[in-house]
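Student: Could you pick one part of this model and take me through it slowly? I'd like to know what sits beside what, and how far to trust it.

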Amino acid sequence: MMVRIAKPHTGGLARDVACAPASPCALFAALFASVLAALVAGLFAFPGSARAAPIRAAQTCHASAALGEDFATIDPARWICADNHYSIAEDVIFVRFRLDPAAPRPAGFVTHAVTFARIDLTVIDADGTRRTQRYSAAQTHHMGGGPLVSAPLPPVTGQSRFVVARIVGPWSKTLASDARLDSEPLGSGWMLGQIVAVAGICGMLVVPLLMAGGYWVVLREPYVVWHTLLIFAMLAQALVGTGFIHILAEPTIFVEGAISTFCYALMGASALMFVATFIEPGMLGRRTAFATRVIVALTLCCGLVSTLPFEVLRPYSTMSVYLAMGMAIAFIVWGMIDAWRHGSRLVLYQIVGWAPALLVAGYRIARYVSPDAQPTNAIAAQQLALAVEVIVSSMGILSRLLDLRRERDRATALALELEGVAGRDALTGLWNRRSIEQRFEDLFAQGFRTMAVLDLDHFKSINDRHGHAMGDAVLRIVAHALAGDGDTRAVRLGGEEFLLLLRGSDSAERAERRRRAISTRIALELPGLDRVVTASMGLVEHDLHGQLAARFDALYAHCDRLLYEAKRLGRNRTMRERLTAFTPPEPLSAVAAG
């Protein structure tokens with residue numbers, strides 16, 4: 001079998017080509033600078049354009065109620081006029097806005113884009129007149145700039161005193177806590193600067209996602225897969241959580257909510273597995289590693305349950321996701337502490353990267369779970385924290401890549417060193433017979449098809465008359481005269497016998513020049529030697545274009561026979577033959593049959 005390999009380096013048979021990756025510090029600085037640029041753009045760019053126009057109510061109250069209850073019949077003691085104690089345990093949640101007579105008249109209702117069944121909007125005038133407009137979830141307007149839905153209010157006049165939103169089948173407390181009135185019928189959404197900032201931060205997640213493919217080519221490690229899955233979940237949740245998904249498609253409110261909640265669970269599970277597999281082997285305790293996988297399974301199960309469209313799950317769906325995220329956060333922290341205790345170096349990347357994200361997530365969970373706090377989404381802070389985590393984690397993976405490269409370089413250097421010791425002749429520095437036999441098929445496939453075997457004439461007499469030190473000096477000079485280049489490989493077979501492998505149409509002439517140069521080099525460098533040192537050579541030129549195969553031992557035997565002939569005919573000469581491949585003629589029977 002003929003194996004073709006890349007052109008070797010001059011004077012050697014081993015190759016090792018590697019490209020140095022970019023500096024992790026430079027990568028981190030570039031990505032982090034981009035995040036800061038996005039934030040600066042969000043804070044200072046276009047400050048007066050597309051500004052949101054919420055209408056501040058004189059008082060905002062909320063109350064939970066059964067499906068058949070009317071807001072007018074609710075006991076006043078059940079109304080909570082503070083940003084806390086929100087509940088979705090009942091089928092309906094009311095939000096009542098007392099209008100400020102001095103404020104502009106509202107035209108639209110805006111709330112968080114979370115799963116619900118229906119919203120009934122009622123305007124109440126001073127004389128008790130009601131005007132009601134009902135909207136199913138599909139009839140509300142989903143904004144592309146912010147995780148918001150909106151709906152036009154019934155006509156609001158100067159006599160209007162209250163606006164009441166009746167939200168049926170709420171799946172999250174934020175439907176009430178984020179509810180507000182707006183000057184635009186379809187809502188004005190985020191300010192343009194905030195859209196630019198959050199969009200820039202979301203865009204930062206794309207860069208590590210693209211880099212992950214490159215990492216996988218080099219690092220076939222599980223943590224690369226988990227990191228990629230983590231980034232994908234972050235990006236999908238960002239598209240939904242910011243409302244940007246409505247620029248691309250129009251999913252239903254339930255599909256949107258299911259994607260968002262499951263992505264949170266997937267983020268928690270992927271983050272746990274990334275931490276468990278990224279930390280150096282042996283740096284996590286056995287119990288920690290086992291518990292981590294149990295929590296991963298529980299987190300994914302909670303995420304799947306939250307996507308099921310069953311009414312019985314509605315009051316617990318969002319809470320289960322937050323609790324699952326809380327468990328994931330707790331075990332991420334536990335795993336990092338355990339790895340730190342065991343002396344992990346890579347856990348520093350996890351601590352730095354996850355600190356902002358864990359703080360934001362913990363803040364959101366605490367605000368949602370606690371009855372005394374107002375639920376909040378903190379979208380901008382969340383996206384920034386996630387972008388920081390992804391950047392630092394990518395930096396950590398790059399650090400692993402650099403570590404592996406250094407380990408590979410050390411192993412390669414050691415292998416080359418051992419190869420040099422085992423594959424080269426200690427006296428002359430030329431390759432030895434063992435090394436050239438191992439590489440012969442590759443070299444032959446590269447075109448090294450001329451073999452020459454040389455033997456110094458009457459070398460024993462030099463050792464006898466001048467000592468072995470002089471003999472060694474002669475052998476070293478011969479090695480220099482025969483030294484290889486890009487088209488020549490020089491080998492010491494043993495004693496005073498050498499071998500040349502050459503390629504090119506003038507290979508025989510080059511071998512002959514090297515043989516003749518031996519006498520000249522020795523005469524110049526060893527003037528104290530009282531005789532001319534010559535060499536005899538047997539050379540075989542193999543067909544350069546034919547498909548003849550060759551074995552080292554067979555070709556060497558052929559050259560050795562020619563060397564013996566050169567010795568027999570008087571030494572200091574070359575005996576040369578050429579092997580040519582011919583295509584055998586077809587048998588006469590085959591010609592006749594044709």
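**A close look at strand S5**

Tutor: Let's start with one pair: Ile119 stands opposite Ile167 in S9. A quick note before we go on: this is a predicted model, where local features need pLDDT of at least 70 and side-chain atom pairs count only at pLDDT 80 or more, while totals for chains, interfaces and linings use all residues. Residues are numbered from 1 along each chain as its sequence is written, and side-chain values use heavy atoms, with hydrogens and water left out.

Strand names like S5 come from DSSP runs, numbered from the N terminus: strands are E runs of at least two residues, and helices are H or I runs of at least four. Two strands count as paired if DSSP finds at least two bridges between them. S5 covers residues 118-125, S9 covers residues 160-168, and eight bridges join them in the antiparallel sense. Along that same pairing you can also find Asp120, which sits across from Arg166 in S9.

Now turn to S6. Seven bridges link S5 with S6, again antiparallel, and Arg118 has Ser136 in S6 as its bridge partner. S5 and S6 make a hairpin with four residues between them, and Gly128 in that turn has a positive phi of about 90°.

So how does S5 fit into the bigger picture? It belongs to an open sheet of five strands, in the order S2-S3-S9-S5-S6, with antiparallel pairing. Strand S2 (59-65) and strand S6 (130-136) are the edge strands: each has a single partner strand, so one side of each is left without a neighbour in the sheet. On average, neighbouring strands here are turned by 15° against each other, direction ignored. (For angles like this, axes are lines fitted to C-alpha atoms, for helices over the stretch in contact, and angles run from 0 to 180 degrees between N-to-C directions.)

Is S5 buried or exposed? Buried means under 20% relative accessible area, exposed means over 50%, and partly exposed is in between, with a 1.4 Å probe and protein chains only. Seven of the eight S5 residues are buried, so the strand is largely enclosed by the rest of the structure.

Some S5 residues turn up in a nonpolar core too. That term means a set of buried Ala, Val, Leu, Ile, Met, Phe, Trp, Tyr and Cys residues joined through side-chain atoms within 4.5 Å. The largest one has 48 residues, and Met234 and Trp354 are among those with the most contacts inside it. Apart from that one lies another core of 29 residues, including Ile55, Val95, Ile119 and Leu121. There's Ile119 from our opening pair again!

Let's follow the sheet out to S2, where there's a disulfide. A disulfide here is a pair of cysteine sulfur atoms within 2.5 Å, and a search of the whole structure finds one. It joins Cys61 to Cys81, with 1.9 Å from S to S, and with 100° about the S-S bond the link is right-handed. Cys61 lies in strand S2 and Cys81 in the loop between S2 and strand S3 (92-98), so the pair ties together parts that are 20 residues apart in sequence. Cys61 is buried, at a relative accessible area of 0%, while Cys81 is partly exposed, at 41%.

That loop between S2 and S3 also holds His85. Its phi is near 55°, which is positive in a residue other than glycine. Most residues other than glycine have a negative phi. His85 counts as partly exposed, at 40% relative accessibility.

Beyond S3, in the loop leading to strand S4 (108-112), you'll find Pro104. Pro104 counts as exposed because its relative accessibility is 56%. Pro104 and Pro54 are 50 residues apart in sequence, with 9.9 Å between their C-alphas.

Finally, how far to trust it. pLDDT is the predictor's confidence in each residue, from 0 to 100. The protein has a mean pLDDT of 81, with 84% of its residues at 70 or more. Confidence is highest in strand S12 (residues 450-456), at a mean of 96, and lowest in helix H17 (residues 588-593), at 49. Over residues 42-52, pLDDT stays under 50, and the model has 15 contacts beyond four places in sequence for them. A contact means heavy atoms within 4.5 Å.
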